[in-house]
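Let's take a look around this protein together. Have the sequence and the 3D view at hand as you read.

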Amino acid sequence: MLMVKGVPYSNATQIPNPEDMSGILVSENVIGVVHDHFITFYLDMDVDGSDNTFVKVNLVKEESKRAPRKSYLKPKRHVAKTEDDARIKISLYDPYEFHVINPKRTSRLGNPTGYRVVPGGTAASLLDHDDSPQLRGAFTNNQIWVTHYNKSELWAGGLYTYQSKGEDTLEVWSKRNRPIENKDIVVWYTLGFHHIPCQEDFPIMPSVSSGFSLKPVNFFERNPILRAAPVSEEDMPGCRAVC
């Protein structure tokens, strides 16, 4: 259900200063309030065992001295030693891959086995960090966090989010800055999007979908679909006459 607020206006032309409104007129005398959606996923992955390491793989541009190419890309790996190293704010112009690996287990080519977290919908809260809702929702200050596993740390907003003052949240746990290299770790990914309501959202919002992926990275010895049986005859390679 859309979060709404009553107003004395039944038409947008009656609003004297539309830019001062905290939402959009979605029905007579009703505005839909601008808001955010955030969903935090708790990923206790245990790749080939419980002792894992979080690796940020940054794409770095290098200048090329060979004409006609002027630049090229190369990966730069950074192993997160502590929880503070693994606080991630996703940026379009600072691209990373996020790998959870087991350095003690390697493939036949010597690569550590792992999985990568592929983010989906990404949004950052625009509220002041000392605003009361943001103190409780401080887990939205970063899109990715990594913490040392603790069985009591299950909910990013703490056990009693609406009754708290932000004293029991993912951000508080992460500030302990525990070592996370080759440890039993948990990756927290927060998917989010901003929502400016429109008439179609009232009274029940249409479904909006988003998600993320977990994909193997050097986990299998070879491409897992090679020599896989075709699903149907149409999937089989071959030449056919067309009439």
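What follows is a short tour of the annotated region, a sheet and two pockets.

## The big picture

First, a heads-up: this is a predicted model. The UniProt record, an unreviewed entry, puts the feature "domain: Copper amine oxidase catalytic" at residues 18-226.

Within residues 18-226, strand makes up 37% of the chain and helix 5%. If you pick out the C-alpha atoms at the two ends of that stretch, you'll find them 58 Å apart.

## A sheet of five strands

Now for the sheet. It is open, has 5 strands, and reads E6-E5-E7-E8-E11 in order, with antiparallel pairing. At the edges sit strand E6 (71-79) and strand E11 (213-217), and each of these pairs on one side only. On average, neighbouring strands in the sheet are turned by 30° against each other, ignoring direction.

As general background, strands of a sheet pair through backbone hydrogen bonds, and they can do so in a parallel or antiparallel way.

Want one pair to zoom in on? Try strand E7, residues 96-106, alongside strand E8, residues 112-118: they're antiparallel and share 6 bridges. To see a bridge up close, find Asn102, whose partner in E8 is Thr113.

## The largest pocket

Next, some empty space. In general, rolling a probe the size of a water molecule over the atoms shows where such space is left. The largest pocket here holds about 600 Å³. Its lining counts 19 residues, and Asp36, Phe38, Leu127, Pro133 and Gln134 are the ones nearest the centre.

Which elements give two or more residues to this lining? They are strand E4 (35-43) and helix H1 (132-136). E4 provides the largest share, with 4 residues. Sorted by class, the lining of the largest pocket has 9 nonpolar, 8 polar and 2 charged residues.

## The second largest pocket

The runner-up has a volume of about 280 Å³. Around this second largest pocket are 15 lining residues, with Ile90, Pro95, Tyr96, Glu97 and Phe98 lying nearest its centre.

Here the tour loops back to the sheet: E7 and E8 each supply at least two residues of this pocket's lining. These are the two strands that pair over 6 bridges. And what is the mix of classes in the lining of the second largest pocket? You'll count 8 nonpolar, 2 polar and 5 charged residues.

Definitions and conventions
Residues numbered from 1 in each chain as written. Predicted model: local features only at pLDDT ≥ 70, side-chain atom pairs only at ≥ 80, totals over all residues. Heavy atoms only, no water. Pairing = 2+ DSSP bridges. Axes fitted to C-alpha atoms, helices over the stretch in contact; angles between N-to-C directions. UniProt positions renumbered as here; feature names shortened; annotations may be inferred. 1 Å grid on protein atoms, 1.4 Å probe; cavity = no way out; pocket = protein on both sides within 12 Å on 5 of 7 lines; lining within 4 Å. Points joined across faces, edges and corners; volume = space filled by probe spheres on them. Nonpolar A, V, L, I, M, F, W, Y, C, P; charged D, E, K, R; others polar.
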